[in-house]
Amino acid sequence: MSDPHSSSASASASPLTHFDAQGQAHMVDVSGKAETHRIARATGSIRMRPDTFSLVATGQAGKGDVVGVARIAAIQAAKRTAELVPLCHPLPLTRVSAEFTLDEAASAVHCTVQAETVGKTGVEMEALTAVQVGLLTIYDMCKAADKGMVMTDIRLLEKQGGKSGHWTAAGG
């Protein structure tokens with residue numbers, strides 16, 4: 001049985017594991033899979049005007065510590081991914097870390113999340129959801145100053161564990 005979060009082909013003709021033989025969406029059955037330590041890392045960025053970046057970097061945004069709140073939002077999002085993405089399995093996360101890097105030259109904040117579990121399915125969706133919600137939180141907290149912020153380059157960097165083993169993104 002293939003990893004429900006991987007792009008490898010399943011026993012059926014389609015590599016899309018969230019559809020049955022009739023093309024109907026379903027939650028992948030992971031009952032026959034072994035529990036393994038699974039790790040996923042994802043990243044993304046939010047670009048903003050230099051004056052907005054300055055508000056974030058100096059902690060002077062009107063709503064408070066933007067990066068601190070975004071970190072908590074990212075962790076919370078990882079924990080609630082199954083409530084947001086309909087076919088995701090609820091997972092007992094063992095660790096979630098969210099790191100934010102301020103990039104003055106690009107007027108951007110970069111977010112990298114690592115999610116971990118011991119289970120039968122991967123944590124890619126949790127890591128990706130956490131990155132996006134962390135960046136959305138920055139947008140929310142700064143939108144009064146800059147509605148033109150752009151969230152970009154959200155992607156999986158790495159996954160470990162399960163049948164498909166270790167995968168790393170090219171250039172990641």
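Which residues have the most contacts inside the largest nonpolar core? In this predicted model, that core has 30 residues, and those with the most contacts inside it are M48, F100, V109, V113 and I138. Two or more residues are given to this core by each of the elements β1, α1 (50–58), α2 (66–79), β2 (93–103), β3 (108–119) and α4 (124–142), and the largest share, seven residues, comes from α4. This arrangement can be read beside a general tendency: in soluble globular proteins, nonpolar side chains tend to be buried together.

F100 offers a good place to begin looking at the core in detail. Leaving out residues up to four places away in sequence, F100 touches V67, A70, R71, V109, H110, C111, G134 and I138. Among these partners, V109 and I138 are themselves named with F100 as residues with the most contacts inside the core.

From F100 the reader can turn to helix α2, which has 14 residues and spans 20 Å from its first C-alpha to its last, close to the 20 Å expected at 1.5 Å a residue. The buried residues of this helix are V66, V67, G68, A70, A73, A74, A77 and A78. An α-helix has 3.6 residues a turn, so residues three or four places apart point the same way. The buried residues of α2 pack against α1, α3 (81–84), β2, β3 and α4.

Two packed helices are described by the angle between their axes and the distance between the axes. For α2 and α4, the axes come within 7 Å and cross at roughly 145 degrees, and the crossing is right-handed. On the side of α2 the contact is made by V66, V69, A70, A73, A74, A77 and A78, while α4 contributes E126, T129, A130, V133, G134, T137, I138, M141 and C142.

The next stop is T43, which is found in strand β1 (residues 36–47). T43 counts as buried because its relative accessible area is 14%, which is under the 20% cut-off. A polar atom of the T43 side chain lies 2.9 Å from the backbone oxygen of C111. Apart from its neighbours within four places in sequence, T43 is in contact with C111, T112, V131, D153, I154, R155 and L157.

One of those partners, I154, is found in strand β4 (residues 150–160). I154 is partly exposed, with a relative accessible area of 30%. Although I154 and G44 are 110 residues apart in sequence, their C-alpha atoms are 4.0 Å apart in space. Not counting residues up to four places away in sequence, I154 touches T43, G44, L128, V131, Q132 and L135.

Finally, what sign does the phi of D153 have? Most residues other than glycine have a negative phi, and most peptide bonds are trans. D153, however, has a positive phi, near 55 degrees, and is a residue other than glycine; D153 lies in strand β4. S107 also has a positive phi, of about 50 degrees, although S107 is not a glycine, and S107 lies in the loop between β2 and β3. The surroundings of these two residues can be set side by side: S107 counts as buried, at 8% relative accessibility, whereas D153 counts as exposed, at 55% relative accessibility.

Note on methods: Residues are numbered from 1 along each chain as its sequence is written. This is a predicted model: local features need pLDDT of at least 70, side-chain atom pairs count only at pLDDT 80 or more; totals for chains, interfaces and linings use all residues. Side-chain values use heavy atoms; hydrogens and water are left out. Helices (H or I, at least four residues) and strands (E, at least two) are DSSP runs, numbered from the N terminus. Buried means under 20% relative accessible area, exposed over 50%, partly exposed in between (1.4 Å probe, protein chains only). A polar contact is a pair of N or O atoms within 3.5 Å; within protein, one must be able to donate a hydrogen and the other to accept it, and residues adjacent in sequence count only if both atoms are side-chain atoms. Contact means heavy atoms within 4.5 Å. A nonpolar core is a set of buried Ala, Val, Leu, Ile, Met, Phe, Trp, Tyr and Cys residues joined through side-chain atoms within 4.5 Å. The expected span of a helix is 1.5 Å times one less than its number of residues. Axes are lines fitted to C-alpha atoms, for helices over the stretch in contact, and angles run from 0 to 180 degrees between N-to-C directions. A crossing is left-handed if the near helix is turned anticlockwise from the far one by less than a right angle, and right-handed if clockwise.
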